[in-house]
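This report covers the helix packing and sheet layout of one chain. The sequence and structure are shown first.

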Amino acid sequence: MLATMKNVVKRYGNTMALDHLDLNVAQGEILGLLGPNGAGKTTAIRTLCGLMGFDSGEIRVFGQAQHVNNLEVKRAMGIVTQEITVFQDLNAIENLRYFGQLYGLRGSELESNVNRVLAFIGLTDRAKKRPKTFSGGMQRRLNIGCALVHRPKLLIMDEPTVGIDPQSRNHILESVRTIAAEGTTVIYTTHYMEEVEAVCNRIAIMDSGKVIAEGTKDELVGKIQHEDTIRMTANSPSPALTDGIKAISGVKSVDVNGNDYVIISSAESANVNRIMEIAMHHGGIANITAAKPNLEDVFLTLTGRCLRDGEE
């Protein structure tokens, strides 16, 4: 394994941020790390990177014990933060040089890497422009470039596509696939399930400070194949309607977002008709569909929340 976290505990006062967390990251994979707010993803990433300490357990990266003073391990990692962390008063090439120098690059190696990354993120023609003149998508790409300039063995991408246009999002997703194909291992966090499905080889779902499920998309969906997902738009959503649906035998969870209901029910239970009957007594419905589960349904079943519920 490229990186492992075994039985890791991290507390903030009386709050258990990481609860005996076990997480493995294999060489060359793109691991999707998912979880609602408060699941512990950010703390897991920070401890894995050596940005903060932990109370007990073991973290190993590249075969070495990870800790806050392990500079050798840190130099072989790259971090793309959710926040834009480039310098607005430096131009693109100056930003890349600065971050390259932080990781120990000098001379011709630095210049070669900077030019390579500029081309990779599609900003060669804007090399001498300042980020404050860029679109949000261009700033995101420069942010990624600054984490890549030293050719990291492990790249951690924390919500890299927040608030950007579809074209820039597609560019970033394609870049992730290319980075992995060239040998860099990637840990990818996002609140967009379609991004996970597009780029991740394996997925780990966190909740309450621990990994509660992991595997490929097909393996995770296979865990709830005995369930159906019923999606309903109610004319008059109400606590009484929600409680009535929850009381139906075989209904496992009910998630409500405005007029939209997502209901997880045992397969072969014929609960669609029962749900419709109850809904008709509470204002009726605009539409209702039933389908076999997908990755979003797995997340909802395991955590009780939709992935986007966790969005900042």
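At what angle do helix α3 (residues 92–102) and α5 pack, and how far apart are their axes? The angle is about 30°, and the axes are 8 Å apart. The model is predicted: local features need pLDDT of at least 70, side-chain atom pairs count only at pLDDT 80 or more, and totals for chains, interfaces and linings use all residues. Residues are numbered from 1 along each chain as its sequence is written, and side-chain values use heavy atoms, with hydrogens and water left out.

**Helix pairs**

Helices (H or I, at least four residues) and strands (E, at least two) are DSSP runs, numbered from the N terminus. Axes are lines fitted to C-alpha atoms, for helices over the stretch in contact, and angles run from 0 to 180 degrees between N-to-C directions. The packing angle makes α3 roughly parallel to α5, a term for angles under 35 degrees. Their crossing is right-handed, meaning that the near helix is turned clockwise from the far one by less than a right angle.

Contact means heavy atoms within 4.5 Å. Ala92, Asn95, Leu96 and Phe99 in α3 meet Leu142, Gly145 and Cys146 in α5. By class, this contact has five nonpolar, two polar and no charged residues. Here Ala, Val, Leu, Ile, Met, Phe, Trp, Tyr, Cys and Pro count as nonpolar, Asp, Glu, Lys and Arg as charged, and the others, Gly among them, as polar.

Helix α5 (residues 136–148) also packs with helix α6 (residues 166–181): the axes come within 9 Å and cross at roughly 15°. α5 and α6 are therefore roughly parallel to each other, and their crossing is right-handed. On the α5 side the contact is made by Gly137, Arg140, Arg141, Ile144 and Leu148, and on the α6 side by Ser168, His171, Ile172 and Ile179. The contact of α5 with α6 has four nonpolar, three polar and two charged residues.

**The sheet**

Six strands form an open sheet with mixed pairing, in the order β6-β7-β8-β3-β9-β10. Two strands pair if DSSP finds at least two bridges between them. β6 (77–80) and β10 (210–215) are the edge strands, each with a single partner, so one side of each has no neighbour in the sheet. From one strand to the next, the twist averages 20°.

Strand β3 (residues 30–34) runs parallel to β8 (residues 185–189), with three bridges, and parallel to β9, with four bridges. The table gives some of the paired positions.

| Residue in β3 | Partner |
|---|---|
| Ile30 | Val186 in β8 |
| Leu31 | Ile187 in β8 |
| Leu33 | Ala204 in β9 |

Five of the five residues of β3 are buried, so this strand is largely enclosed by the rest of the structure; buried means under 20% relative accessible area with a 1.4 Å probe, protein chains only. Ile30, Gly32 and Leu34 point one way from β3, and Leu31 and Leu33 the other way.

**Helices across the sheet**

Helix α1 (residues 41–49) lies across β3, β6, β7 (154–158), β8 and β9 (202–207), at about 155° to β7. Seven of the nine residues of α1 are buried, so the helix is largely enclosed by the rest of the structure. The buried residues are Lys41, Thr43, Ala44, Ile45, Thr47, Leu48 and Cys49. Just after α1, Gly50 takes a positive phi of about 80°.

Helix α11 (residues 295–303) lies across β3, β9 and β10, at about 25° to β9.

Key:
Parallel < 35°, antiparallel > 145°, perpendicular 65-115°, else oblique. Buried < 20%, exposed > 50% of the residue type's maximum accessible area, 1.4 Å probe, protein only.
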